[in-house]
Amino acid sequence: MSESVHELLKAGKPWEQTSDRMVRMAVVGGGFGACFHWHEHPNCKVVAVADPISDRRNGLMERYQCETAYETLDDVLADDNVEGVAIFSGAPDHARHVCAIMEAGKHPFCAVPACFDLEEAEMLAEIKESTGAKYMMAETSWYRWETILARRMFKAGIFGELIYSEGEYYHPMVGEEVQGLWWRDGQKTWRYGFPPMHYPTHSSAFLVGVTGERILKISCAGWGPEEPWCFDNVYGNPYSHEVSMCITDQGHSFRCNVSWSAHAFGERAQWFGREASLYMPDDAGRPYIIRCPEGDITEFPDYWELVPEKMRYDTGHGSSHAFLTTEFIDAIVADREPEVNLYEALAMTVPGIVGHQSALWEGQQMEVPQYG
Ligand SMILES: NC(=O)c1ccc[n+]([C@@H]2O[C@H](COP(=O)([O-])OP(=O)(O)OC[C@H]3O[C@@H](n4cnc5c(N)ncnc54)[C@H](O)[C@@H]3O)[C@@H](O)[C@H]2O)c1
């Protein structure tokens, strides 16, 4: 073991500007899309924003200090000044929108998940290869600070063999909040009855984003309440709670849960190696702890120096938004693939698509197609 855990808890080399190149970004979708840091990265200027809903469009203009506003993604794609598009439309539209962005010769940064079915996964891979676009998925769990630490511990060999990990995402659809998420102007939104395992990436990033492993097989159990949203949704989905067991290409096991019904909240993981383990804290008071040969460590990492100075403040999801923004812009500037590229995105998304099918088949274990 060459590096100590204490060293890995510190940022290390701070972010440094290496070029004057300005990436000309557009931001589409003014809900979650208004929580990022594009205008604060020294190599990025927001040259357009879009949303058909005027309040949201105005919110984007204000947040990103941008004077050019459109109603739709199509308008953005027709603007030659735009080279990258951050797209935050509803989940079922992602693959179609990302393909249109790549075909227009622009680089997509897309909210999770990557796609809804296997045909879309193939279409994304094909168009990415033919256009050479740089795709990045905005998976927040990938850049939670505990995940960055786990990735560093894995690379430094501190876990020994990392034989088992668990990732979970719990977002109960109850109370006032759910009305705003499920309904807009009297119409159901895309979130109404969305199959939990079609939204697996907040959980699966805790495996794929740490060890780089691929999920080869999955078995999933589903549960749903006797309530309308599990009968009359457009997905034909009866479940609000899905729990999966996965086997990786390294022969390791991974538990992957997504639930809209469990009385728990947030995204959380724990990683078990033969020589060390790492536990994320949760909202019910379970503690954060690293158990390793150096002893039990409870010091939390501080990674702010890894992003440009202006961006060093928390806008949610474990301070990950600034890190996602930085990685995409830095990748375009350096003309390299972003860390959370299309193949990582599919490795996080596709197991969930297959997992939901497994649940519909009463937990039958199924093989997961691989891409890239
Ligand atoms: N932690 C996370 O990573 C996280 C958190 C929240 C949301 N999300 C994801 O972000 C995405 C957006 O979430 P949200 O809660 O804001 O959803 P939302 O449905 O409230 O908002 C989507 C917005 O996109 C706009 N839009 C849709 N199609 C458009 C088009 N063709 N042109 C211009 N605008 C268009 C809509 O008008 C709407 O304002 C979702 O895919 C969601 O899964 C991720």
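This is a short tour of a predicted model, from the whole chain down to one helix.

**Stop 1: the whole chain.** Select everything and colour by secondary structure. The protein chain has 10 helices and 17 strands. Its radius of gyration is 20 Å, close to the 21 Å that the globule rule gives for 372 residues, so the chain is as compact as a globular protein of that length. Now show the C-alpha trace alone. Along its principal axes it spans about 55 × 55 × 40 Å.

**Stop 2: inside and contacts.** How much of the chain is buried? Of the 372 residues, 56% count as buried. Next, look at contacts between residues at least 6 apart in sequence: 69% of them join residues at least 24 apart.

**Stop 3: the surface and charges.** Switch on the surface. The accessible surface comes to about 15,700 Å², and 49% of that belongs to carbon and sulfur atoms. Then select the charged side chains. There are 29 positive and 56 negative charges, and the mean positions of the two sets are 4 Å apart.

**Stop 4: helix α6.** Select residues 145-155, which form α6. Is this helix mostly covered or mostly open? It is mostly covered, with eight of its 11 residues buried. Show them as sticks: Trp145, Glu146, Thr147, Ile148, Leu149, Ala150, Arg151 and Met153.

**Stop 5: the neighbours of α6.** Which elements do these buried residues pack against? Three are helices: α1 (5-8), α8 (201-211) and α9 (321-334). The others are strands β13 (266-273), β14 (277-279) and β15 (289-292).

**Stop 6: just past the helix.** Finish on Gly157. This residue comes just after α6 and takes a positive phi of about 80°.

Note on methods
Residues numbered from 1 in each chain as written. Predicted model: local features only at pLDDT ≥ 70, side-chain atom pairs only at ≥ 80, totals over all residues. Heavy atoms only, no water. Buried < 20%, exposed > 50% of the residue type's maximum accessible area, 1.4 Å probe, protein only. Helix = DSSP H or I, 4+ residues; strand = E, 2+ residues; numbered from the N terminus. Contact = heavy atoms within 4.5 Å. Rg over C-alpha atoms; globule rule 2.2 N^0.38 Å. Areas by Shrake-Rupley, 256 points an atom, 1.4 Å probe, with all protein chains shown as cover. Lys, Arg positive; Asp, Glu negative; His and termini not counted. Charge placed at Lys NZ, Arg CZ, Asp CG, Glu CD.
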